Every structure is written in structure tokens, then in C-alpha cells.
Amino acid sequence: FLILFAFHDDEEINKYCDPEYADKDVKVLVHSIYRKLEDYVRMGDSSFEDLLIDGQVIGFAFTHKNLLVSFGVNKKYRTADNLKKVFEFIKNKFSGDFESYMWARNTRAINWLKKCGMIEDECNIDNVIKLKYICQ
């Protein structure tokens, strides 16, 4: 439910998602995200969290060990102040450095994560950008 909520009314999400789902309905995309997250859950050491800002659920974050696997913020809550709080929330889910892998076409998330202090790291996966956050 929270994954669907996070991408509700985001008419551009298909420009940024897994290229296999670029022309699919948002519900199909959400279902594919859910299935991928279930794979991580089976491996253990994973966490699906409500993004709760000022008492309001505005999206979700999913982590596995030191990896930010997936996140989403509902369009109406994507303000500069909220997004700053979202990154603080994400950082606090980890006990140290963490990383994330994004589709190269997901420039919206990549640019935001870089603005939050993540740096691009070497990646040997086609069409994927690896970002790393180093605690200071």
C-alpha cells in the first residue's frame, strides 16, 4: 500500500523506473517493486519503514544491511524541508556508511541523493549508478 501511495499522482515515475516498466501502469510497477523487496526480505536483515514526517506518513524506505534498496515520497510531500527530513531519516536507519544502486535513468533520485551528500562510486552494472554515503 505505501509503495502505491508514494507514487500516486506521479505522472513521470515511468521515466525513472526500471526500463522494463517504462510503458507499464503504475500498479504494475508497484507490484514489481514489491516482488523485488520480498526477495530481500527472504535474505533477512531488511527493514520496510514508513517515512513519518511531523506525524504524517509521506512515503516509505526499504533497507537491507548497509543498502538503501528503495524509497518513495508522495508527490504532494516533496518539499525541500520534507526531503531534508527524509534523508535524515534514511541516514539514521544505518549505523555507518551505506550505498544505493539506482537506474541511470533515475536522474531525479540520483541528483537528490547527491545533493544530500551521497557520491557516485564505481559500478560494473550496465545502466546502474552506485551511490555511497560516507559518515563523517
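Let's start with the open space: the largest pocket here has a volume of about 870 Å³. Keep in mind as we go that this is a predicted model. Which residues lie nearest the centre of that pocket? They are Val69, Ser70, Met102, Trp103 and Asn106, out of 32 residues that line the pocket. Several elements share the job: H2 (13-16), H3, E3, E4 (98-103) and H5 (107-115) each put at least two residues into the lining. By class, that lining comes out as 22 nonpolar, four polar and six charged residues.

The second largest pocket has a volume of about 160 Å³. Its lining consists of Ala80, Leu83, Lys84, Phe87, Glu88, Trp112, Lys115 and Cys116. Two elements, H4 and H5, give two or more residues each, and H4 gives the most, with five. Sorted by class, this lining holds five nonpolar and three charged residues, with no polar ones.

Now for the rings. A search of the whole structure turns up 11 aromatic pairs. Take phenylalanine 5 and tyrosine 77: their centres sit 6.4 Å apart with 50° between the planes, so the pair counts as tilted. This pair links distant parts of the chain, with phenylalanine 5 in helix H1 (residues 2-7) and tyrosine 77 in the loop between E3 (67-73) and H4, 72 residues away. Are the two partners buried or exposed? Phenylalanine 5 is partly exposed at 22% relative accessible area, while tyrosine 77 counts as buried at 16%, because the cut-off for buried is under 20%.

Phenylalanine 94 and phenylalanine 98 make a stacked pair, 4.2 Å centre to centre with 10° between the planes. Both are buried: phenylalanine 94 has a relative accessible area of 10%, and phenylalanine 98 has 1%. These two also belong to a cluster, where ring pairs link them with Phe71, Phe87, Trp112 and Tyr133. Two members of that cluster, Phe87 and Trp112, have already come up in the lining of the second largest pocket.

On to the charged side chains. Side chains of opposite charge can pair when their charged atoms come close, and the structure holds 14 salt bridges. One of them joins lysine 15 and glutamate 12, at 3.3 Å from N to O. Lysine 15 is partly exposed at 48% relative accessibility, and glutamate 12 is partly exposed too, at 36%.

Another salt bridge runs between aspartate 39 and arginine 42, whose closest N and O atoms are 2.5 Å apart. Why are they about one helical turn apart? Because they are three residues apart in helix H3 (residues 26-43). Aspartate 39 is partly exposed at 40%, whereas arginine 42, at 61%, counts as exposed.

Then there's the salt bridge of aspartate 54 and lysine 85, at 2.9 Å from N to O. This one reaches across distant parts of the chain: aspartate 54 sits in the loop between E1 (46-53) and E2 (56-64), and lysine 85 lies in helix H4 (residues 80-92), 31 residues apart. Aspartate 54 is exposed, with a relative accessible area of 65%, but lysine 85 is partly exposed at 28%. Finally, salt bridges that share partners tie Asp10, Arg78 and Arg108 into one network.

Key
Residues numbered from 1 in each chain as written. Predicted model: local features only at pLDDT ≥ 70, side-chain atom pairs only at ≥ 80, totals over all residues. Heavy atoms only, no water. Salt bridge = Lys/Arg side-chain N within 4 Å of Asp/Glu carboxyl O. Buried < 20%, exposed > 50% of the residue type's maximum accessible area, 1.4 Å probe, protein only. Helix = DSSP H or I, 4+ residues; strand = E, 2+ residues; numbered from the N terminus. Phe/Tyr/Trp six-rings, centres within 6.5 Å; stacked < 30°, edge-to-face > 60°. 1 Å grid on protein atoms, 1.4 Å probe; cavity = no way out; pocket = protein on both sides within 12 Å on 5 of 7 lines; lining within 4 Å. Points joined across faces, edges and corners; volume = space filled by probe spheres on them. Nonpolar A, V, L, I, M, F, W, Y, C, P; charged D, E, K, R; others polar.
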